[in-house]
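Welcome, and thank you for taking a look. Please walk through this model step by step, with the view turned as you like.

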Amino acid sequence: MQKAIAAVLAWAAIGCGPSFEASTPQGFVELEDQEHFDYRATTADGLVIAVRELEHEPKGAPDFWIRAIENQMRQRGGYAMLGSHDVSTKTGLKGKQLRFGHDEGETPYLYVLTLFVTDDQLYLMEFGGTKELVERHKDQLEWAVQNFRGK
Amino acid sequence: MTRPLYCALLVLFAWLLAGCGASQSKYAGDRNYDAESAPMSAGAAAPMEAEADYDGDAVADSDDASVYREEISEPTSISGTAHAARVAQTSAPAPGAPGPAQPAPPQPAPPPQKPDVKPTPEPKAQPSGGGGSKAKPAGENTIAAPMLIYTADVNLAVFEAEKILDSVERLAKDSGGYLVERQARRIVIRVPSQDFDGAMLQIAKLGDVLHKNVSVEDVTEQYFDLQVRIRNLQVVRDRLEELLKKADKVPDAIAVERELERVTTQLERLKGKAKLLGELVRFSTITVNVSPRHTDKVGSKVRLPFPWLNSLGLSELLRL
């Protein structure tokens with residue numbers, strides 16, 4: 001009986017855990033016990049990278065989700081859309097990266113969101129921080145995208 | 001005062017009343033017009049060299065003007081042809097000279113074109129300044145193009161407001177226009193009328209257009225009416241000067257001089273208004289307000305039933 005329970009727990013641990021692997025870029029420290037994110041890391045200065053995994057339900061084309069995110073950020077979030085472009089990981093997973101800007105007083109902030117859409121999952125990789133920080137760490141952010149592994 | 005001179009003065013005043021009375025009563029409200037305190041006083045800040053060629057009158061009587069107003073809440077290009085069509089319907093008959101003896105209305109001189117200013121290819125009936133409105137010879141009470149004053153207000157949601165304001169200011173200068181006013185979140189520029197549409201398109205690209213209001217005021221009638229008034233006053237002034245030469249008694253000379261001064265003052269005031277009107281026609285005014293978007297302004301937008309969308313953004317991400 002105990003073995004069965006252990007097996008179920010083990011299965012649950014494997015089956016319910018994140019279905020992705022996120023690599024922590026140099027200069028970042030991974031944070032534990034995240035409530036709203038499946039992965040999050042930060043630099044000492046407060047540039048944050050995070051990944052959320054969402055069940056792809058209801059099903060939607062990538063363009064639908066991109067448009068939904070864009071509308072949310074521009075119309076509700078108070079962000080200016082700065083641009084978007086296609087990205088690809090080393091494993092060949094295709095995604096779309098959206099760049100948003102937001103002024104907090106005199107300080108400009110950047111919020112970079114990369115969406116990967118698979119049959120079963122939506123992966124949201126988020127970067128955020130002051131514009132100066134994001135631009136200074138753009139190589140690390142690009143590295144994190146390229147080394148992301150969705151399943 | 002000698003009797004003949006007195007009679008001559010009386011005749012002159014009677015002629016004044018008959019010739020200028022209609023137009024003065026129509027624009028009775030203009031007598032207290034002060035170019036500096038007028039609603040369209042933005043033109044007063046215009047470069048003085050640009051005013052040199054205008055001899056029309058700048059009374060902007062908003063009650064008489066045909067005002068077209070277009071309000072657009074989404075980023076949409078302005079339909080210049082729509083304006084042109086409406087303008088063509090209303091502005092064709094221009095007030096001509098009051099009598100056959102009147103000389104033809106002076107044709108406004110074309111504005112000094114800057115070499116880098118390119119006219120818009122759009123064939124809309126927008127004057128390139130005061131020079132765009134051509135008065136036909138006396139007897140033909142029609143005009144080739146209306147005198148239109150274009151004004152626009154644009155609200156933009158932007159990122160990095162300072163840079164956007166810099167871009168708007170640069171846009172004005174590059175097009176041959178100039179900066180009127182600049183504040184932390186607001187900028188007012190004036191661009192050559194022929195570049196108005198292009199400038200509006202460029203501004204729309206600088207951010208998300210939350211609101212756009214374009215208005216066009218047809219001042220053709222005022223322009224030509226006041227030109228008639230100026231012309232009449234010039235004739236009166238010339239006659240007064242002749243009378244002054246003939247005056248052989250001091251009291252007569254003083255009386256004529258007093259009247260001459262009054263007419264000259266009125267004439268100069270009307271010419272000043274003409275310059276202002278020409279400037280307002282030649283340069284369109286664009287006011288741009290920039291602001292970050294606020295969530296409380298978008299309550300009517302569609303809300304998708306995906307709660308995770310609401311947690312996107314820096315607020316959640318940076319809360320460590």
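## A walk through the sheet and the contact

Strands β6 and β7 of chain A run antiparallel and are joined by 10 bridges. Please keep in mind that this is a predicted model. For a landmark within this pair, look for A:H102, which stands opposite A:Y109 in β7(A). The two strands form a hairpin, with 2 residues between β6(A) and β7(A). In that turn sits A:G105, whose phi is positive, at about 65°.

Now step from β6(A) to its other partner. β5(A) and β6(A) also pair in the antiparallel sense, over 8 bridges. Here A:M81 has A:F100 in β6(A) as its bridge partner. This pair makes a hairpin too, with 5 residues between the strands. The glycine to find in this turn is A:G92, with a positive phi of about 95°.

With these strands in view, you can place them in the whole sheet. It is an open sheet of 7 strands in chain A, with antiparallel pairing, and its order reads β2-β3-β4-β8-β7-β6-β5. Why do β2 and β5 of chain A each have one side left without a neighbour in the sheet? Both stand at the edges, β2(A) at residues 29-30 and β5(A) at residues 80-88, and each has a single partner strand, so one side of each stays without a neighbour. As you follow any strand, a general point may help: in a regular strand the side chains alternate between the two faces of the sheet.

Further along the order, β3 (residues 39-42) and β4 (residues 48-55) of chain A pair in the antiparallel sense over 4 bridges. There, A:T42 has A:V48 in β4(A) as its bridge partner. From β4(A) a side-chain link leads to β8(A): A:R52 forms a salt bridge with A:E126, with the closest N and O atoms 2.6 Å apart. This pair links distant parts of the chain, as A:R52 in β4(A) and A:E126 in β8(A) are 74 residues apart.

What lies across β5, β6, β7 and β8 of chain A? Helix α2 of chain A, residues 62-76, does, and it runs at about 160° to β7(A). On the way from β4(A) to this helix, pause in the loop between them, where A:P58 is found. The peptide bond from A:E57 to A:P58 is cis, with omega near 0°.

Next, turn to the place where the chains meet. The contact takes 41 residues from chain A and 28 residues from chain B. About 3000 Å² is buried between the two chains, and carbon and sulfur atoms give 63% of that area. Between the chains there are 2 salt bridges, one of them joining the side chains of A:R74 and B:D208 at 2.5 Å, N to O. The chains also share 9 residue pairs in polar contact. On the side of chain B that touches chain A, α3 (161-174), α7 (307-310) and α8 (314-317) each supply at least two residues. The largest share, 4 residues, comes from α8(B). By class, this side of chain B has 14 nonpolar, 5 polar and 9 charged residues.

One last stop is in chain B, at the loop between β2 (148-157) and α3, where B:E160 is found. The phi of B:E160 is near 60°, a positive value in a residue other than glycine.

Conventions:
Residues are numbered from 1 along each chain as its sequence is written. Chains are lettered from A and ligands numbered from 1 in the order in which they are written. This is a predicted model: local features need pLDDT of at least 70, side-chain atom pairs count only at pLDDT 80 or more; totals for chains, interfaces and linings use all residues. Side-chain values use heavy atoms; hydrogens and water are left out. Contact means heavy atoms within 4.5 Å. Buried area is the accessible area (1.4 Å probe) that two parts lose on being put together, summed over both. A salt bridge is a side-chain nitrogen of Lys or Arg within 4 Å of a carboxyl oxygen of Asp or Glu. A polar contact is a pair of N or O atoms within 3.5 Å; within protein, one must be able to donate a hydrogen and the other to accept it, and residues adjacent in sequence count only if both atoms are side-chain atoms. Ala, Val, Leu, Ile, Met, Phe, Trp, Tyr, Cys and Pro count as nonpolar, Asp, Glu, Lys and Arg as charged, and the others, Gly among them, as polar. Two strands pair if DSSP finds at least two bridges between them. Axes are lines fitted to C-alpha atoms, for helices over the stretch in contact, and angles run from 0 to 180 degrees between N-to-C directions.
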